[in-house]
Amino acid sequence: MIAVETNKYAKYLIDTIEFSKFSRMNRWVDTNYHELFVFLAICFLMTRNKKVSLKEYWSTNQLHFSPIFSKLMSRDRFFLILSVLHFNDNKTQIPGDKLHKLKPVVDHMKSAYKNAFKPFQDVCIDESLVLFKGRLGFKQYIPSKRKRFGIKLFVLCDVETKYILDFIVYVGKGTEIEDSDMGVSSSVITTLLQPYMNKGHSLWSEKNRKEMPRFGKKLKIGETEAKHTQNLLALKYKDKREVFMLSTMHKNELANTNKRDKVTNLPIQKPSAVIDYNQKMGTVDQTDMLLSSIGCLRKSLMWYKKLFFHFIDTSLLNAY
C-alpha cells in the first residue's frame, strides 16, 4: 500500500511541478515493497550508528565512513524515497479528517498491536508526546514532558511487559473516541479499554478529578485520611506533598516499602495504593525512554512522516 501511494504521489509531483534539470525527481523510478523494506532497514541501522546529519551515512570521509549504507542503497535514492514517501490518496480526504495522510497506517498498527498480544492483569493509560516543532493545527504543549511540544498520543500499555496495546492520536475536535458526558479523558479510557472490559484487568491512570470528596484534616508526614463508599476508596496521604488516590481495589492500609528512614532507621510505610501506583504507573514513560534509544529518522520531516517513523519504532519495541 505504501509503495502504491508513494508511486502515485511521485507521479502527481512530476506531472504538476516543473523541476530543474538537476532535481532528483527527474530520475524517479517506481519503488516496490522489496525496496521499501531495504529503506526501512537503513532507517533501523541509522539508530545503531548515530551521525550528525543523514548525508554523513554516505560520506567517504575516513572519520564517518560506513560502507553498509552505500551497499544497500545510494544516497540520492534514499533521499528521493524519503521526500515522496506517502501513505494515502490526497484526493479522497474527507473535510475535517486531520489524520487522513496517515490513516491507513494508524488503523493497521492499532489492529496489529491488539491482535498480537493479550495483556496480563495490570494495564496503564498515560499521555505520550511525539516531538514536533513545525506548524500543525493539533500540536500540543505538555510542560511535564521532556519534549514539551509535539503530537499527543494516549497510550495503553501492559504493565508487566511494557507492550503497547493500543493508542489514540489526539487531534482535538475530530479525535476518534467514544462520546462521553464526562469529557475527553473518560472517552479516551472507555475507547481504549473496550476490548478488555469485564475480564479482570486492573487499570492505572492519573489526573486529579472533579467530585473527589473533601478532606478537612491537616496531616503530618506519613499520616493518611480516607473516605469510602461500597466500591470506592478515596485516600489522602501526606508525603513530601499531599497525595490523593481513588481506587476500587485497595483498602485503607499501610504496607512496607522495603526502605528505611535515614534518621530513625525505622521501616518506611506507605498506603498500599500509593506503592502499587508508583510501581505501575510509569510504564508509558518507560516505553518512551526505550523508544528514544532506537528512534528512526526525525529531523526536518512532515508531521505524518514523523508519526509514521514513530509507529515503526513502537512496532520494533513491541516485536522485541
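This report describes the aromatic pairs, the charge-over-ring contacts and the internal cavity of a predicted model.

**Aromatic pairs**

Across the whole structure, 21 aromatic pairs are found. The rings of Phe39 and Phe309 form one of them: their centres lie 6.5 Å apart and their planes meet at 40°, so this pair is tilted. Because Phe39 belongs to helix α2 (residues 33–47) and Phe309 to helix α9 (residues 303–319), the pair ties together parts that are 270 residues apart in sequence. Both Phe39 and Phe309 are buried.

A further pair is made by Trp58 and Phe79, whose ring centres are 6.2 Å apart; with planes at 55°, this pair is therefore tilted. Here, too, distant parts of the chain are linked: Trp58 is in the loop between α2 and α3 (67–72), while Phe79 is in helix α4 (residues 75–84), 21 residues apart. Trp58 has a relative accessibility of 12%, and because buried means under 20%, Trp58 counts as buried. The same cut-off applies to Phe79, which at 15% relative accessibility is likewise counted as buried.

The residues of these two pairs also belong to a cluster linked by ring pairs. Besides Phe39, Trp58, Phe79 and Phe309, the cluster contains Tyr57, Phe69, Phe78, Phe87, Phe138, Trp303, Tyr304 and Phe308.

**Charges over rings**

Two contacts place a lysine over an aromatic ring, as tabulated below.

| Lysine | Ring | Distance to ring centre |
|---|---|---|
| Lys152 | Tyr170 | 4.8 Å |
| Lys227 | Phe215 | 5.7 Å |

In the first row, the charged end of Lys152 sits over the ring of Tyr170. In the second, Lys227 lies over the face of Phe215.

**Internal cavity**

Rolling a probe the size of a water molecule over the atoms shows where empty space is left. A search of the whole structure gives 1 cavity of 30 Å³ or more, and the volume of the largest cavity is about 80 Å³.

Which residues of the lining lie nearest the centre of the largest cavity? They are Leu153, Val155, Ile164, His310 and Thr314, out of 13 lining residues. At least two residues of the lining are supplied by each of β3 (149–158), β4 (164–169), α8 (283–294) and α9. Helix α8 provides the largest share, with 4 residues. By residue class, the lining of the largest cavity comprises 8 nonpolar, 4 polar and 1 charged residues.

Helix α9 thus appears in two of the topics above: Phe309 of the tilted pair lies in α9, and α9 also supplies at least two residues of the cavity lining.

Key:
Residues numbered from 1 in each chain as written. Predicted model: local features only at pLDDT ≥ 70, side-chain atom pairs only at ≥ 80, totals over all residues. Heavy atoms only, no water. Phe/Tyr/Trp six-rings, centres within 6.5 Å; stacked < 30°, edge-to-face > 60°. Buried < 20%, exposed > 50% of the residue type's maximum accessible area, 1.4 Å probe, protein only. Lys NZ or Arg CZ within 6 Å of the ring centre and 35° of its normal. 1 Å grid on protein atoms, 1.4 Å probe; cavity = no way out; pocket = protein on both sides within 12 Å on 5 of 7 lines; lining within 4 Å. Points joined across faces, edges and corners; volume = space filled by probe spheres on them. Nonpolar A, V, L, I, M, F, W, Y, C, P; charged D, E, K, R; others polar.
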